[in-house]
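Open the model in your viewer, set a cartoon for the backbone, and keep side chains ready to switch on. The stops below are meant to be taken in order, with one selection at a time.

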Amino acid sequence: MSTFSEYAALARQLADQRRETDQDAAAEAGRRRALHTMLDQLTRRLAVQSHRLGQLGHAIGLPADPPPAAGGDRSGTTAPVSSTPGATSSGGTSGPGAVPDGGAAAAPGQSGVGAYPPGAPGGAVVALPAAAGVPAPRAGVTDPAAELAEARRLADETDRLVQVTEAVARQPPLLPSWSPLARALAVYAGCAAAGVVLMLIMAVAADLAVVGLGALYAATCAGLPVLSFVAGYLVLGRWGRPALGSEQPPRFVPLGFVTCVLLVPLAYCGYLLLFRLVR
């Protein structure tokens, strides 16, 4: 007959077990709350990243909703199933030794029938014999905390790449590593050099009496400098503007006008001086 002390020991044991169960349940509830908090934070972070990537795509001219990738054949047709020798093709009574569709589930108690029908000559999967058939191991349950940590790591990498992309997008495609002043000076000087080439062609044509001196002087003093300045202004407006940032990049209009107006006539004066020295 059980004594009172035995009942008391059993009650203490049950109380300890209940306390441990409550502690485990509280710890599990806390872990679930922490996972839900991490999931909510990651969801909001991914939403912000998606919005920012959409802005970057819009800045470079990508469509807002790109067409989905082409999937596989969804026509609903199924591949023909090759029947084993002796089996009927219309679902009737099978012949002796035939394996009905469905394997061992369709032929209980029949020896030599595995979990799946034998492979056809067309390359179907051949099942193992019933004697050696071993159930496939179940995939291990993934750890939600590890999955969230991996997702957060990928989100950190995405943030880094987005920052790099934004830094590149804030630079103009034309001479991105140059300062705005140096870029404008190089563009205006290049356009003025193109004007100088045209001026030299017209000077040679004037020497050959193809172009009059009045047209040459007008082009050298007014036409070609203004044309070079306008070309440099348009080039800076088209290729000197970054994809992100200010809408109108600095074009340094006075600097460009002075550069083009002085360079072309000075080049013509140098051409005349060189021509006189050669003669």
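Begin by selecting Asp159, which counts as partly exposed because its relative accessibility is 24%. Please keep in mind throughout that this is a predicted model.

**Around Asp159**

With Asp159 shown as sticks, add Arg45, which forms a salt bridge with Asp159, the closest N and O atoms being 2.6 Å apart. This pair links distant parts of the chain, since Arg45 belongs to helix H1 and Asp159 to helix H2 (residues 144–169), with their positions 114 residues apart in the numbering. Arg45 has a relative accessible area of 26% and is therefore partly exposed.

Which side chain makes a polar contact with the side chain of Asp159? Select Gln49, whose side chain makes that contact at 2.6 Å. Gln49 is found in helix H1 (residues 4–59), and because its relative accessibility is 7%, Gln49 counts as buried.

**Along helix H1**

Stay on helix H1 and select Glu28, Arg31 and Arg32, which are joined into one network by salt bridges that share partners. In the pair of Glu28 and Arg31, the side chains meet in a salt bridge at 3.1 Å, N to O, and in the pair of Glu28 and Arg32 they meet in a salt bridge at 3.3 Å, N to O.

Why are these residues placed about one helical turn apart? Glu28 and Arg31 are three residues apart in helix H1, which means that about one helical turn separates them, and Glu28 and Arg32, being four residues apart in helix H1, are likewise separated by about one helical turn. As a rule, an α-helix has 3.6 residues a turn, so residues three or four places apart point the same way. Turning to accessibility, Glu28 is partly exposed because its value is 30%, and Arg31 is partly exposed because its value is 36%. In total, the structure holds nine salt bridges.

**The whole chain**

Now zoom out and colour by secondary structure: the chain has five helices and zero strands, and read along the sequence it follows the pattern α-α-α-α-α. If you colour by accessibility instead, buried residues make up 19% of the 279 residues in the chain.

**Helix H3**

Select residues 180–207, which form helix H3. Its 28 residues should span 40 Å at 1.5 Å a residue, and its end C-alpha atoms are 40 Å apart, so the expected and modelled spans agree. For the buried positions of H3, show the side chains of Arg183, Ala184, Val187, Tyr188, Cys191, Ala192, Gly195, Val196, Met199, Ala203, Ala205 and Ala206. Then move past the end of the helix to Ala209, which follows H3 and has a positive phi, near 60 degrees.

**Helix H4**

Next select residues 213–239, helix H4, where 27 residues should span 39 Å at 1.5 Å a residue; the end C-alpha atoms are 36 Å apart, so the two values are taken to agree. Where does H4 bend? Centre the view on Ala219, where the helix bends by about 55 degrees. Ala219 is also one of the buried residues of H4, and others to show include Leu216, Thr220, Leu224, Pro225, Ser228 and Phe229.

Is Cys221 buried or exposed? Cys221, which lies in helix H4, counts as exposed because its relative accessibility is 55%. To relate Cys221 to a later part of the chain, draw a distance to Leu266: the two residues are 45 apart in sequence and 9.7 Å apart in space, C-alpha to C-alpha.

**The nonpolar patch**

For the last stop, switch on the surface and select Val226, Val230, Tyr233, Leu234, Val253, Phe257, Val258, Leu262 and Leu266, which make a nonpolar surface patch of about 780 Å². The elements that give two or more residues to this patch are H4 and helix H5 (253–278), and H5 gives the most, with five residues. One residue to highlight here is Val258, which is found in helix H5 and counts as partly exposed because its relative accessibility is 44%.

Note on methods. Residues are numbered from 1 along each chain as its sequence is written. This is a predicted model: local features need pLDDT of at least 70, side-chain atom pairs count only at pLDDT 80 or more; totals for chains, interfaces and linings use all residues. Side-chain values use heavy atoms; hydrogens and water are left out. The expected span of a helix is 1.5 Å times one less than its number of residues. The bend at a residue is the angle between axes fitted to the seven residues ending there and the seven starting there. Buried means under 20% relative accessible area, exposed over 50%, partly exposed in between (1.4 Å probe, protein chains only). Patches are made of residues with over 30% relative accessible area and no salt bridge: like charges are joined within 9 Å, nonpolar side chains (Val, Leu, Ile, Met, Phe, Trp, Tyr) within 5 Å. Accessible areas come from the Shrake-Rupley method with a 1.4 Å probe; for residues, only the protein chains shown count as cover. A salt bridge is a side-chain nitrogen of Lys or Arg within 4 Å of a carboxyl oxygen of Asp or Glu. A polar contact is a pair of N or O atoms within 3.5 Å; within protein, one must be able to donate a hydrogen and the other to accept it, and residues adjacent in sequence count only if both atoms are side-chain atoms.
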